[in-house]
Amino acid sequence: MNLANNLLGLLNILTFLISVPIVIVGVQLYRVNAAGQCLEVFRLPVLVLGVLIMVMSIVGIISACCRISWLLWIYLLVMLLLLIGLMSIYAISFFIIWKSGGGTRVPGTELKEYKLSGYAEWLQNTVQGKGWDSLKNCLVVSQACNYMPKNDTKIQEFNMKELPPIMAGCCKPLAECGFNYKSPTVWIRNNSTSSSPDCKAWNNDPKVLCYNCDSCKAGTLEQLLDTWKRMHFLKIVFLGFLVLVYSIGCCAFKNTRKKPDYWRQ
């Protein structure tokens, strides 16, 4: 077996090892309790991607080691479709996601607020209806707002905090509501004239707060997008690795089409 086949086999063994934790994570997401439902949107994609990579790795190992040209051809075809699909998804996400959100800083503070209208329509749809019910349940059960600044934090100090998007959107009312500050998660209503539904939805109950607000949905989206953006480098590395495997696979396929030397004599 030549160098290309050996290298392809080794790379697919590595790919198989990478796919194992991906599949495990996908399976665990189906078995988590209510506190893990905030990751529900990732369940099927993660599991499908992990299983697909695992199956392809096994096919690549068999076809490379046994020099089965037709199996290697199928492997390369599926790999090409996977690469095209991933590149398309990454390209679309780059132009849409990177232009979405960002939030608006409240004047005179370091606090940011997030509007649902600042995100692409298809992103907004992911946090509507039953999808939001699961996400909200996760936030409530995991007590996301328990990580807010301490109750004795003064308003001046609180205003200088840079809160994570979920806390900024779900754990305090909008500045336009004009509520009187008592603690980071306790605000006193006044005669505010704001017509925002989020102001009416606010409640000091730790299980309610602003979990029913559009600002909470926007903050959750911002948190997810922030995570996606932080993974940008890893996504590029992963794509580069798959391109390398595909290129070596093409060389191995070319070699499997060659007749052994003793046939040429």
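Colleague: What volume does the largest cavity have?

Modeller: The largest cavity has a volume of about 60 Å³. A cavity is a set of points on a 1 Å grid over the protein atoms alone where a 1.4 Å probe fits but cannot get out. Grid points are joined across faces, edges and corners, and the volume is the space filled by probe spheres set on them.

Colleague: Before we go on, what kind of model is this?

Modeller: This is a predicted model, where local features need pLDDT of at least 70 and side-chain atom pairs count only at pLDDT 80 or more, while totals for chains, interfaces and linings use all residues. Residues are numbered from 1 along each chain as its sequence is written, and side-chain values use heavy atoms, with hydrogens and water left out.

Colleague: OK, back to the cavity. How many cavities of 30 Å³ or more are there?

Modeller: One. The largest cavity is lined by Asn12, Thr15, Ile53, Met56, Ser57, Tyr75, Met79, Leu82, Leu242 and Val245; a lining residue has an atom within 4 Å of a point. Helices α1 (3-31), α2 (43-66), α3 and α10 (232-256) each give two or more residues to that lining. Helices here are DSSP runs of H or I with at least four residues, strands are E runs of at least two, and both are numbered from the N terminus.

Colleague: How does that lining divide by class?

Modeller: Seven nonpolar, three polar and no charged residues. Ala, Val, Leu, Ile, Met, Phe, Trp, Tyr, Cys and Pro count as nonpolar, Asp, Glu, Lys and Arg as charged, and the others, Gly among them, as polar.

Colleague: Now the pockets. How much space lies in the second largest one?

Modeller: About 270 Å³. Sixteen residues line the second largest pocket, and Cys145, Asn146, Thr185, Pro206 and Leu209 are the closest to its centre. A pocket is an open set of points with protein on both sides within 12 Å along at least five of seven lines. By class, the lining of this pocket has 10 nonpolar, five polar and one charged residues.

Colleague: What about leucine 209, is that residue buried or exposed?

Modeller: Leucine 209 is buried, at 3% relative accessible area. Buried means under 20%, exposed over 50% and partly exposed in between, with a 1.4 Å probe and protein chains only. Leucine 209 sits in the loop between α8 (197-201) and α9 (214-230).

Colleague: And what is its phi?

Modeller: Leucine 209 has a positive phi of about 40°, although it is not a glycine. Most residues other than glycine have a negative phi.

Colleague: Let's move to the surface. Which residues make the nonpolar patch?

Modeller: Leu52, Trp70, Trp73, Ile74, Leu77, Val78, Leu80, Leu81 and Ile84, and together they cover about 830 Å². Patch residues have over 30% relative accessible area and no salt bridge; nonpolar side chains (Val, Leu, Ile, Met, Phe, Trp, Tyr) are joined within 5 Å, like charges within 9 Å. The areas come from the Shrake-Rupley method with a 1.4 Å probe, and for residues only the protein chains shown count as cover.

Colleague: Which element gives the largest share of that patch?

Modeller: Helix α3, with eight residues. One of the patch residues, tryptophan 73, lies in α3 and is partly exposed at 48%. Leucine 77 also belongs to the patch; its helix, α3, covers residues 69-97. Leucine 77 is partly exposed too, at 37%. Tyrosine 246 comes 169 residues away from leucine 77 in sequence, but their C-alpha atoms are 9.6 Å apart.

Colleague: New topic: how many salt bridges are there?

Modeller: Five. A salt bridge is a side-chain nitrogen of Lys or Arg within 4 Å of a carboxyl oxygen of Asp or Glu. Among them is glutamate 113 with lysine 172, whose closest N and O atoms are 3.3 Å apart. Glutamate 113 is in strand β2 (residues 112-113) and lysine 172 in the loop between α7 (165-170) and β3 (180-183), so this pair ties together parts 59 residues apart in sequence. Both glutamate 113 and lysine 172 are buried.

Colleague: How far apart in α9 are aspartate 214 and lysine 217?

Modeller: Three residues, which means about one helical turn. Their side chains meet in a salt bridge at 3.9 Å, N to O. Aspartate 214 is partly exposed at 35%, whereas lysine 217 is buried at 11%.

Colleague: And what does glutamate 110 pair with?

Modeller: Arginine 105, in a salt bridge with the closest N and O atoms 3.2 Å apart. Glutamate 110 is partly exposed at 30%, and arginine 105 is partly exposed at 40%.
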